[in-house]
Amino acid sequence: MEMALSMSRESNKQMDSGKYVRYTPEQVEALERVYMECPKPSSLRRQQLIRECPILSNIEPKQIKVWFQNRRCREKQRKEASRLQTVNRKLTAMNKLLMEENDRLQKQVSQLVYENGFMKQQLHTASATTTDTSCESVVMSGQHQQQNPTPQHPPSDANSPAGLLSIAEKTLAEFLSKATGTAVNWVQMIGMKPGPDSIGIVAVSRNTPGVAARACGLVSLEPTKAVEILKDRPSWYRDCRCLDVWSVIPTGNGGTMELVYMQTYAPTTLASARDFWTLRYTSSLEDGSLVVSERSLTSATGGPAGPPGTAFVRAEILPSGFLVRPCEGGGSIIHIVDHVDLDAWSVPEVLRPLYESSKIFAQKMTIAALRHLRQISQEMSGEIQYGSGRQPAVLRTFSQRLSRGFNDAINGFADDGWTIFGNDGVEDVTVAVNSSPSKFFGAQYGTSTMLPTFGGGILCAKASMLLQNVPPALLVRFLREHRSEWADYAVDAYSAASLKSSPYAVPCARPAGFPTGQVILPLAHTVEHEEFLEVVRLEGHPFTPEDVPLARDMYLLQLCSGIDENAIGGCAQLVFAPIDESFADDAPLLPSGFRVIPLDPKADGPAATKTLDLASTLEVGSGSARSTAEADSSGYNLRSVLTIAFQFTFESHFRDNVAAMARQYVRSVVGSVQRVAMAITPFRLSSFTGSKSLPGSPEALTLARWVCHSYRVHTGGELFHLDSQTGDSVLKQLWQHSDAIFCCSLTSNASPVFTFANQAGLDMLETTLVALQDITLDKVLDEAGWKVLCAEFAKIMQQGFAYLSAGMCLSSMSRPVSYEQAIAWRVVNDDDANHCLALMFLNWSFV
């Protein structure tokens with residue numbers, strides 16, 4: 001025993017002197033077992049380890065502590081080395097990709113220089129000629145040079161496998177010339193900078209028929225897996241309704257040809273959906289790369305005719321596809337080209353940017369493909385961990401079902417069972433009815449045992465409108481964070497009741513208007529945080545004990561995307577569906593929501609500064625929508641299309657009641673969105689946020705000056721220290737004051753109505769400037785506070801101000817707010833006449 005202690009002390013001295021202490025293999029194995037369970041054991045756990053493990057009895061706790069420290073350090077170094085190796089592989093592959101891109105750009109520059117010289121020569125020759133005939137010859141010669149010398153007549157045997165292979169080989173060559181050559185003049189999208197953590201290099205076409213986008217990127221997936229995912233277009237392309245492979249034809253070179261029929265959703269209620277009939281060719285190159293090329297089969301190309309689509313407009317996929325090359329050290333280099341002609345002339349002119357913008361198309365399809373590949377690769381590698389306890393694939397399926405259900409509601413296809421319901425004489429809201437829920441939900445659930453019991457059927461009320469000068473990301477973020485500004489508790493309760501065994505018989509036949517709060521519980525998000533899946537808990541608070549059974553918490557599964565204001569051409573969307581507390585993986589979903597799609601701003605005309613009703617003014621082939629006012633002085637000119645769709649269940653004998661309720665509700669939501677849109681336009685927001693120079697609105701500046709001047713005259717003190725005497729500075733400091741300041745109307749026959757509040761006041765009432773004017777003072781103050789104010793009102797009018805004792809008030813969400821003191825004073829104008837009543841609540845806080 002003494003010898004063991006002596007050895008232990010000697011080892012400790014060696015350790016302290018910096019010498020390495022050797023452990024036997026058995027000791028290392030025992031320590032490794034403990035490390036796997038607890039990498040950082042406590043002092044008590046280390047002492048317990050020595051007592052329980054005899055082979056460690058000759059080692060002191062301090063030595064074991066050092067061993068665990070060294071082991072953690074080695075683990076950290078190993079992870080860091082692995083990370084650096086991964087980054088190095090990505091940088092090497094990205095460098096190779098950038099070198100190839102540089103070579104392609106050099107070829108494009110050389111081609112442009114050659115074409116420029118050729119055109120100069122032609123112009124010089126044309127100017128030197130003296131006869132009309134020679135000029136015509138030069139012009140025709142230039143046209144002939146630009147034309148494709150290859151005849152466009154389809155081969156006579158295009159329906160045969162040999163004829164289809166000929167088309168496929170030509171498509172492959174054209175696709176490769178677009179992906180790695182100079183067939184298309186590509187322009188890199190703003191914000192898409194290459195790097196090891198970026199999505200890749202994204203470019204759009206310029207001066208090319210149709211819309212086209214090209215992307216290059218790196219993913220940590222093997223080429224075969226990447227090709228499999230990209231060919232499964234419905235799994236990542238949210239606008240894809242279905243993709244059916246009609247026939248598969250093997251080729252002699254080991255590839256396959258497929259005849260594919262695809263249907264896509266229309267993005268709004270004001271346009272028709274598109275379908276495609278294509279030939280898809282999968283093959284491999286000599287360097288081991290996998291290539292999938294695709295193009296539409298038309299009368300010009302030849303080939304078998306596709307199925308008719310009565311409710312669809314036949315669009316055309318020009319030579320497109322993806323090239324997947326293996327990357328050294330694992331992973332793949334992806335080249336994607338999407339080039340389509342969406343037949344933009346078949347939609348109203350105001351909507352044509354949706355079908356003519358390559359940026360919008362790139363966001364919806366090309367970038368979405370790269371993001372999905374990156375998401376899958378990180379999920380497979382374990383880089384993404386979700387705390388909800390659900391597998392990433394399950395959460396991804398929820399997002400797909402929400403998006404698909406919302407698209408189905410917007411489009412209302414007849415083959416899903418939808419029929420148009422009669423209107424009430426005004427065509428601003430479209431109501432569609434689906435009396436075959438099993439047919440509608442069949443694609444989502446697969447088996448009849450999983451279908452929800454939705455009674456008589458499903459009803460959808462939908463509308464579209466044109467927004468002017470409203471950033472889509474900002475609008476959707478506001479709708480997400482301030483649901484109480486547009487939603488109705490009674491309608492939410494009715495929707496939630498459809499998931500119960502005994503839903504409410506008649507919607508809105510019960511007391512409405514319970515004050516609610518919302519709590520957002522995150523579930524998952526994509527790699528670049530451009531999409532969020534979350535659960536929203538709506539908290540109900542009853543007014544009276546009799547309302548307790550009716551006021552209960554409700555839950556929504558919500559998908560939010562596109563709230564990044566820096567995204568170029570991105571669609572902003574908020575989709576939600578009621579769920580019950582169990583929230584099973586196969587829970588039925590009936591999505592509703594909002595979609596805002598930006599339109600490219602028109603440069604040839606002024607923009608309107610108010611929201612327009614789009615449905616009542618559209619005519620196919622007509623001129624662009626007339627603007628009703630000039631754009632603001634900042635030059636901000638953004639148009640977007642907002643589409644709203646809400647779905648409800650109904651019993652057969654209450655169908656008309658539900659239809660009337662749905663139509664009225666959507667109109668109410670439209671009105672709320674219009675008010676919000678008018679309030680959050682950048683030139684209005686800058687009046688109060690201080691992010692830009694104050695616009696100098698006469699009303700706002702004058703009111704701020706009157707409030708401060710009246711406070712100084714009546715109380716003898718300063719409301720705040722003025723940094724500057726300019727009107728802009730007064731308004732800015734009043735807006736940013738830490739105490740809640742309000743202005744109310746002075747009326748003898750009605751309760752005072754709020755007319756203004758600073759930022760602290762809006763926070764205290766949990767409202768916005770839009771909804772503030774609907775709030776009266778007696779609804780905010782409690783009974784004791786209202787009595788005190790009434791008792792002091794005469795003093796305020798005579799003396800000019802009064803101090804009010806501490807008390808309580810209620811926010812617009814019915815949350816109690818306490819304040820230490822309040823000051824009320826009479827605001828007078830320049831003529832010393834009464835203008836309004838000002839109130840300031842000091843040191844307020846939520847209880």
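This report covers one helix pair, the aromatic ring pairs and one buried helix.

The model is predicted: local features need pLDDT of at least 70, side-chain atom pairs count only at pLDDT 80 or more, and totals for chains, interfaces and linings use all residues. Residues are numbered from 1 along each chain as its sequence is written, and side-chain values use heavy atoms, with hydrogens and water left out.

Helices (H or I, at least four residues) and strands (E, at least two) are DSSP runs, numbered from the N terminus. Helices H12 and H14 pack with their axes 11 Å apart, at an angle of about 125°; axes are lines fitted to C-alpha atoms, over the stretch in contact, and angles run from 0 to 180 degrees between N-to-C directions. The two helices are therefore oblique to each other (angles outside under 35, 65 to 115 and over 145 degrees).

The contact (heavy atoms within 4.5 Å) is made by these residues:

| Helix | Range | Contact residues |
|---|---|---|
| H12 | residues 472–481 | Leu 474, Leu 475, Phe 478, Leu 479 |
| H14 | residues 655–680 | Val 673, Val 676, Ile 680 |

The structure holds 21 aromatic pairs (ring centres of Phe, Tyr and the six-membered ring of Trp within 6.5 Å). In one of them, the rings of Trp 236 and Tyr 237 have centres 6.1 Å apart and planes at 40°, so the pair is tilted (planes neither under 30 nor over 60 degrees apart). Both Trp 236 and Tyr 237 are buried (under 20% relative accessible area, 1.4 Å probe, protein chains only). Ring pairs also link Trp 486, Phe 576, Phe 594, Phe 646, Phe 648 and Tyr 665 into a cluster.

In helix H7 (residues 223–231), the buried residues are Pro 223, Ala 226, Val 227, Ile 229, Leu 230 and Lys 231. Their cover includes strand E5 (256–264) and helix H9 (358–381).

Note on methods. Buried < 20%, exposed > 50% of the residue type's maximum accessible area, 1.4 Å probe, protein only.
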